[in-house]
Amino acid sequence: KFSISDFAGNIEVEPSFDGDSVDIEFSVIVKFGTSIRKLTDAVADYIADTIYQKQKKKVALYHEKIKNQRKDFQHKLSHSLAEDYDAVCVEDLNLKGIAGGLHFGKGIQDNGYGQFLSMLGYKLEERGKYLIKVDRYFASSKICSVCGHKKKELALSERIYLCECGNRMDRDVNAAVNILEEGKRIYKKCA
C-alpha cells in the first residue's frame, strides 16, 4: 500500500496482484478534485518498477545458476584430469587480447578458462603432479605436428591444417599435438 499526497488531499492506492497477471484492483479516495492523471502516472510508475525489479531478480538467478553449473563442470573436469595424468600441458593464452583483438567479445571470457587453469593447477599441485604452461607465443597452430615445417601465414578461417608433407588434420588437433610435444620438452628440460 502506498499513498500519494498533493495540495488537494491524499490518494490511497492498494494494488493486488493475482498470480502472474497484472490485474489491479484500485480503491481510490479522491479529495478536492485531485487529478486522475497524477494517479495514473504514479500507478504506472509503480507497476513498471515492480515488474522491472521482478525481472531483474529472475535474470540474476539465471546468471547465478549458469555460473554454478560452469564452476561444477570445471571442478569435475579438473579433478578427473588431476587423477588421471601426472602432467598436463596447456597453452598460456592472453584472453584479454583475444577478446579485444579477434572480435570474440565476452564469449571468450565467459568460458572461465583462467578459473579452470587455477583449479587444475592447485589440484595437480596437491597430488604432486605438474601443470606445464606452454608460452603463448609458441606457434602451435602453424607448425606441422608430423614433419615440423612452420607455415609463415595461417588464417583463423583455415580450420584444416594442410602441410607440404601430406599431413592433413584439424587445426586444433594439430595444435594440441604440438602443445603436448612442447610440454614434454619443457618437462625434460626442467626435470
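This is a guided tour of the structure, stop by stop, with a selection to make at each one.

**Before selecting anything**

The model is predicted, so local features are described where pLDDT is at least 70 and side-chain atom pairs count only at pLDDT 80 or more, while totals for chains, interfaces and linings use all residues. Residues are numbered from 1 along each chain as its sequence is written, and side-chain values use heavy atoms, with hydrogens and water left out.

**The whole chain**

Begin with a cartoon of the protein, which has five helices and six strands, where helices (H or I, at least four residues) and strands (E, at least two) are DSSP runs numbered from the N terminus. Followed along the sequence, these elements give the pattern β-β-α-β-α-α-α-β-β-β-α. Of the 191 residues in the protein, 25% are buried; buried means under 20% relative accessible area, exposed over 50%, and partly exposed in between, with a 1.4 Å probe and protein chains only. If you turn on a surface, its accessible area comes to about 13700 Å², with 54% belonging to carbon and sulfur atoms, as computed by the Shrake-Rupley method with a 1.4 Å probe.

**The nonpolar core**

Next select A82, V88, V90, F116, L117, L120 and L124, the seven residues of the largest nonpolar core, a term for buried Ala, Val, Leu, Ile, Met, Phe, Trp, Tyr and Cys residues joined through side-chain atoms within 4.5 Å. Strand 3 (87-91) and helix 4 (113-126) each supply at least two residues of this core, and helix 4 gives the largest share, four residues. In soluble globular proteins, nonpolar side chains tend to be buried together. Now centre on L120: apart from neighbours within four places in sequence, L120 is in contact (heavy atoms within 4.5 Å) with S78, L81, A82, V88 and L131.

**The cysteines**

Move to C144, C147 and C163, bearing in mind that the structure holds zero disulfides, a disulfide being a pair of cysteine sulfur atoms within 2.5 Å. C144 is in no disulfide, and the nearest cysteine sulfur, that of C163, is 3.6 Å away. For C163, the closest cysteine sulfur is in C147, at 3.5 Å, which is too far for a bond. C144 is buried, with a relative accessible area of 2%, and C163 is also buried, at 12%.

**The salt bridges**

Finally, display the charged side chains, among which there are seven salt bridges, each defined by a side-chain nitrogen of Lys or Arg within 4 Å of a carboxyl oxygen of Asp or Glu.

- Select D92 and R136, whose closest N and O atoms are 3.8 Å apart. The pair links distant parts of the chain, 44 residues apart, with D92 in the loop between strand 3 and helix 2 (95-101) and R136 in the loop between strand 4 (130-134) and strand 5 (160-162). D92 is partly exposed at 26% relative accessibility, as is R136 at 32%.
- Select R159 and D172, where the closest N and O atoms are 2.9 Å apart. R159 lies in the loop between strand 4 and strand 5 and D172 in helix 5 (residues 171-190), so this salt bridge ties together parts that are 13 residues apart in sequence.
- Select R185 and E182, which meet in a salt bridge of 2.5 Å, N to O. Both lie in helix 5, three residues apart, about one turn of the helix; R185 is partly exposed at 42%, whereas E182 is buried at 14%.
- End with E83, E126 and R127, joined into one network by salt bridges that share partners.
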